[in-house]
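Thanks for making the time this morning. I would like to walk you through one model, starting with its overall layout and then turning to two places in the backbone.

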Amino acid sequence: MLSRRIFSAIGSFSSSILSTRTVLLNGVISRAELCLSCHLLDAEKEKKARPPLTDREFEGKPGYLVVKAPLEKCIEYLKSESYKAVYGDDPVWKNYRRNVVGTYAIRLRTTCIRKGIISTGSACPICRDDYLKFDYRHTELLKQFAAPETLQAMNPKITGLCEKQYKNLQIELMKAKDRGTLEKYYVPRVYNMKYYKGAAKQQSLLLQQEQAELDKNTSDVYVQSKT
Ligand SMILES: [Zn+2]
């Protein structure tokens, strides 16, 4: 007990003189000192933290403050020349590559944006661009991420979306189906009834006959060429 008191006395004395980190190293700290040290450490962290990047040059990069454009501008953007210069005629996710080993990531990201700032290395194709946003009225973008016949959302491991955007996509697709902005269609299929059950036997016999005739003709040609 005595030794502990001595140590605490030394600790309190040193804390008043030395910095907060040395207080933590001493091993014997009072609650008041700990709170003060934590507060000081937080202040240090705040000093070190950089302000968010706002220039368009840093768009999509970590630390960039995301401000999504209004819907009207987003729709205009897909028809503009600047969009064609970046993406061409391909869908938005075509040339996207996430920073993982292997072809596809095993797990999806929860989000790319935290507190309005991009927090990941290679943000997903929707989070990284200010002018891309899922909305049931924005049908051209939804079509890029959905199957044309069934209007089901594509696998996010292929498109590279994060969990948040994938959920958002599913909700907006449901809305689009419900409100009639997108319609699903079925490709008409023409079936050849020759290949069904009893018809298949007849078909095979016909094929055999054709093959036999072909063999005859080729043998005749071979004989003619020899003579
Ligand atoms: Zn994302």
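Before I point at any element, let me say that helices and strands here are DSSP runs, of at least four residues for a helix and at least two for a strand, and that they are numbered from the N terminus. Please also keep in mind that what you are looking at is a predicted model.

On that basis, the protein has nine helices and two strands, and, reading from the N terminus, the order of its elements is α-α-α-α-α-β-β-α-α-α-α. Of the 227 residues in the protein, 15% are buried. If we take the contacts with a separation of 6 or more, 60% of them are between residues 24 or more positions apart.

Now to the backbone, and to the first place I had in mind. Lys-115 sits in the loop that links strand S1, residues 113-114, to strand S2, residues 117-118, and, although Lys-115 is not a glycine, its phi is positive, at about 55 degrees. Is Lys-115 buried or exposed? Lys-115 counts as exposed, because it has 7 C-beta neighbours inside 10 Å, and the cut-off for exposed is 12 or fewer.

The other place is Leu-151, which lies in the loop between helix H6, residues 139-144, and helix H7, residues 156-159. Leu-151, again a residue other than glycine, has a positive phi, near 60 degrees. With 17 other C-beta atoms within 10 Å, Leu-151 is partly exposed, since a residue would need 20 or more to be called buried.

Technical notes
Residues are numbered from 1 along each chain as its sequence is written. This is a predicted model: local features need pLDDT of at least 70, side-chain atom pairs count only at pLDDT 80 or more; totals for chains, interfaces and linings use all residues. Two residues are in contact if their C-beta atoms, placed from the backbone, lie within 7 Å.
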